[in-house]
Amino acid sequence: MQKLSSRLQQFRTGSPLSFRLLAYILLFSSLFTLLASGIQIYSDFRKDVSVIEERMKVVETSYSSSLSRSLWALDQKLLEIQMEGILSLPDIVQLRLRISPSSEIVMGEVPRGAPVREHSFTLVHEGDEVFKLGDMKITASLEQIYDQLQRKVLVILATQFVKTFFISILIVWIFQYFVTRHLSAMAGYARNFSLSNLNQPLELDRPDTELNRIDELSQVTEAINHMRERLQQDLEKQSRDAEQIRKLSKAIQQSPSSVIICDRQWRIEFVNQKFTQLTGYDAESMIGKHPGMLTDDPFLQRENRQLWQAIQLQVQRVGVWQGESNSIRKNGERFWEQLIVTPIKDSDGQVTNYLILGEDISIRKRYEQQLLRQANYDILTGLPNRMLALDRLKLALAQAKRENTLVGVMFLDLDNFKHINDTMGHDAGDNLLIEAARRISSALRGTSTVARLGGDEFLVVLPGLQDADSTSQVAERILQTFSSPFILGNQEVFVTTSIGIAIYPTDSDNSGTLLQHADAAMYQAKNKGKSAYERFAPEMKEVSHERLQIESRMRRALELNEFELHYQPIVQTHSGMLTGAEALLRWHNPTMGTVMPDKFIPLAEETGLIIPIGEWVLEQACACAVQWEETTGMKLGIAVNVSPRQFRDPGFVDAVLRALQSTGLEPRRLELEITERLLLDNTIETSDILTRLDQEGVRLSVDDFGTGYSALSYLKSYPFDTLKIDKAFIRDVMKEQDDAALVKAIINMAHSLGLQVIAEGVEDETQTHFLKEQGCDYSQGYFYSRPAPQLEFEDWLRSNHRAQM
């Protein structure tokens with residue numbers, strides 16, 4: 001016991017934390033033990049009481065019947081024997097039988113002051129009628145249970161206290177061994193810690209195990225050692241501070257940015273070398289001056305004073321100012337400078353100085369101006385681009401709304417520009433755009449705006465108009481400027497323009513809608529025959545909507561299998577023998593019905609959709625020619641039209657070869673019909689494409705010959721096989737001598753160049769006789785058959801004509 005007391009005293013004096021831990025463990029363990037023991041004792045008590053109560057219920061169940069019979073028979077002796085038997089049961093101390101009407105039998109005695117439990121039940125006789133014979137009350141003593149309960153409480157409390165005490169001592173010893181002694185070691189290390197022993201780390205007397213390396217003691221030890229290392233590094237850093245300050249001073253002095261340091265009254269205290277190089281002022285003459293008052297020019301000082309008042313105010317409010325200043329050098333030269341002005345504060349947050357950093361951004365400003373121009377002006381023509389034009393249009397509409405005037409919006413599109421670009425090359429197209437921009441600008445007054453929207457489209461904004469007729473006058477002047485020829489590559493070319501006009505606020509008060517209306521009017525002008533202008537009318541919206549609808553639905557036509565090929569036979573003129581067919585594209589849309597080729601083909605070329613559509617046509621046409629051979633045994637040629645846009649595609653030749661390879665059609669049975677206008681573009685690319693196709697065995701034909709430039713001199717330069725005379729000449733060949741003479745000349749010229757001739761648009765027998773007489777090789781037209789879908793054409797093949805095998 002003395003040893004235990006000394007151990008406790010050691011905990012109390014040497015390890016207060018351990019002693020408090022022991023006290024808390026004993027306190028809370030004792031409370032928990034009392035609570036748990038109380039619950040256990042009460043549970044046992046309730047269990048013993050329930051046993052007695054159950055025993056009394058069993059007495060009622062077992063004896064009530066026999067007691068009732070004895071009482072009914074008035075057999076007192078038997079009744080007493082039965083009651084003595086009940087009284088002999090454990091814990092039963094008294095029986096009290098009240099017999100109706102007023103007698104009573106009592107057996108046994110209740111101990112004085114003893115706790116008891118009572119149970120009563122009624123005795124009855126059941127016959128024809130139920131008679132109540134009396135009541136039996138059973139009294140059981142709980143004295144024995146309470147004695148056992150008292151002994152149990154003493155035993156449980158004693159054993160639990162001893163157990164709790166020794167477990168607490170064990171826990172405190174473990175805590176002292178594993179924790180507090182190490183905390184004492186840390187405290188001793190901290191007391192002896194100084195700058196002189198930074199090289200000595202803190203180490204604890206404990207095994208170096210994986211578990212020990214990750215616990216809290218290890219973390220604290222590591223933190224203390226890290227603190228020691230940081231202090232060691234700080235000492236080393238302090239030894240380098242003087243050198244670092246010297247380096248910083250040199251860095252500021254040699255900085256590529258100009259540096260000015262001012263005092264709290266904005267008087268210059270320091271300027272670096274870059275400042276003197278940038279401004280031309282020497283450092284000594286700057287000391288004490290205000291940074292905005294470097295020049296002696298009163299006008300410039302007044303200008304700078306306003307700027308620096310704003311700078312100082314913002315620095316005081318926000319803490320920094322950053323911006324651009326148009327500064328001046330000592331020699332009077334202006335330059336753009338990027339400035340950053342910020343306060344220098346001490347450790348208390350009080351401003352002690354002001355720092356001004358400057359950088360010459362004159363070159364950057366020139367680049368910005370150049371980029372700004374590129375962002376707002378068309379590089380080729382120098383005109384405002386779409387973005388700037390729309391801004392000016394919105395400003396013009398706002399001004400017109402204030403002043404109650406009109407604004408004219410003109411949408412211009414060059415006629416046949418695409419043809420010029422395709423045939424004469426992009427350089428010629430660029431020169432044409434430049435000259436067109438110049439001519440349009442020359443027809444306008446100073447307040448008007450002409451802009452290039454892209455491609456060959458131009459926009460003219462006419463602000464401040466008093467009446468709508470003024471737009472017509474301007475349109476006529478523009479058309480007049482296009483009456484003279486354009487000189488492109490030493491060649492005269494006549495190019496016109498179509499103009500659409502919309503008026504604010506008559507046609508719309510919205511800039512976007514005005515442009516749409518002007519665009520719709522422009523297309524109406526083109527439909528009138530080009531080189532014309534047209535004012536917007538409400539019914540034009542339907543035309544514009546239809547064009548947008550066609551383009552939108554055409555983009556999904558391939559995917560939805562809405563395109564179909566019709567085939568028209570090509571026969572030998574002298575014998576009528578079928579030699580091939582021309583594939584003609586048709587479009588059947590569920591909503592729009594059958595769309596004519598002259599409506600969607602130009603739009604497909606304009607949008608570039610002609611490329612995938614053309615590839616599909618090649619694939620389908622070649623596949624049909626192969627199928628005809630399989631079903632009818634006829635080896636027919638197939639002719640496919642090629643648009644200029646399709647021909648210019650870099651993958652055109654590969655697309656042709658893919659179609660031949662995938663379908664298995666012989667190249668000599670495919671004939672590509674190329675428009676005559678492509679021949680004028682006498683370029684290496686055109687020659688290479690035609691030569692490569694010829695080398696692959698593909699036949700080449702000049703389509704619609706006679707409607708364009710009729711450049712017969714170019715025919716000998718390219719490997720063409722066939723020349724097709726346009727139906728416009730065949731239609732009146734029997735009525736007009738000029739047409740007949742022209743057809744004869746074309747046939748003779750083609751034959752002299754080794755070309756075969758196909759006549760298009762043959763509609764009656766007299767035309768066939770004329771063509772036979774002139775030696776025309778092949779004919780095509782309604783006289784033989786109208787274009788028909790694939791299945792109908794196959795039926796026509798079986799029932800009407802022979803084929804050249």
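**Entry 1: the five-stranded sheet**

I began with the open sheet of five strands in this predicted model, and I read its strand order as β11-β12-β10-β15-β16, with mixed pairing. At the edges I noted β11 (449-454) and β16 (533-535), each of which pairs on one side only. From one strand to the next, the twist averages 20°.

I then followed β15 (residues 497-504) to its neighbour β16, and I found that the two run parallel and are joined by three bridges. Which residue of β16 is the bridge partner of Ile-499? I found Tyr-533 in that position.

**Entry 2: helices on that sheet**

I looked next for helices that pack on the five strands, and I noted α13 (residues 426-442), which touches β10 (406-414), β11 and β12 (457-465). The direction of α13 makes about 10° with that of β12. I also noted helix α15 (residues 511-527), which lies across β10, β12, β15 and β16 and runs at about 145° to β15.

Following α15 further, I came to helix α11 (residues 386-403), whose axis comes within 10 Å of the axis of α15, the two crossing at roughly 110°. I therefore recorded α11 as roughly perpendicular to α15, since crossing angles of 65 to 115 degrees count as such. Where the two helices meet, I listed Leu-390, Leu-393, Lys-394 and Leu-397 from α11, and Ser-511, Leu-514 and Leu-515 from α15.

**Entry 3: the four-stranded sheet**

I turned to another open sheet, in which four strands follow the order β2-β1-β4-β3 with antiparallel pairing. Why does one side of β2 (103-108) and of β3 (116-126) have no neighbour in the sheet? I found both strands at the edges, each with a single partner strand, so one side of each is left without a neighbour there. The twist in this sheet averages 15° from one strand to the next.

Between β1 (residues 92-99) and β2, I noted six bridges in the antiparallel sense, and within this pair I found Arg-98 standing opposite Glu-104 of β2. Helix α3 (residues 76-87) packs on the sheet, where I saw that it touches β1, β2 and β4 (130-141), and its direction makes about 150° with that of β1.

**Entry 4: a hairpin**

I looked up β5 (residues 258-262) and β6 (residues 268-271), which pair in the antiparallel sense over three bridges, with Ile-260 opposite Val-271 of β6. The two strands form a hairpin with five residues between them, and I noted that Trp-266 in the turn has a positive phi of about 60°.

**Entry 5: a salt bridge**

I searched the whole structure for salt bridges and found 28. One of them that I looked up joins the side chains of Glu-324 and Lys-365, at 2.9 Å from N to O. The pair links distant parts of the chain, for Glu-324 sits in strand β7 (residues 321-328) and Lys-365 in helix α10 (residues 362-376), 41 residues apart.

**Entry 6: a nonpolar surface patch**

Last, I looked at the surface, where Tyr-24, Leu-27, Phe-28, Leu-31, Leu-34 and Leu-157 form a nonpolar patch with about 610 Å² of accessible area together. Which helix contributes the largest share of the patch? I traced five residues to helix α2 (residues 16-73), and Tyr-24 is found in that helix.

Note on methods. Residues are numbered from 1 along each chain as its sequence is written. This is a predicted model: local features need pLDDT of at least 70, side-chain atom pairs count only at pLDDT 80 or more; totals for chains, interfaces and linings use all residues. Side-chain values use heavy atoms; hydrogens and water are left out. Two strands pair if DSSP finds at least two bridges between them. Axes are lines fitted to C-alpha atoms, for helices over the stretch in contact, and angles run from 0 to 180 degrees between N-to-C directions. Contact means heavy atoms within 4.5 Å. Patches are made of residues with over 30% relative accessible area and no salt bridge: like charges are joined within 9 Å, nonpolar side chains (Val, Leu, Ile, Met, Phe, Trp, Tyr) within 5 Å. Accessible areas come from the Shrake-Rupley method with a 1.4 Å probe; for residues, only the protein chains shown count as cover. A salt bridge is a side-chain nitrogen of Lys or Arg within 4 Å of a carboxyl oxygen of Asp or Glu. Angles under 35 degrees count as roughly parallel, over 145 as roughly antiparallel, 65 to 115 as roughly perpendicular and the rest as oblique.
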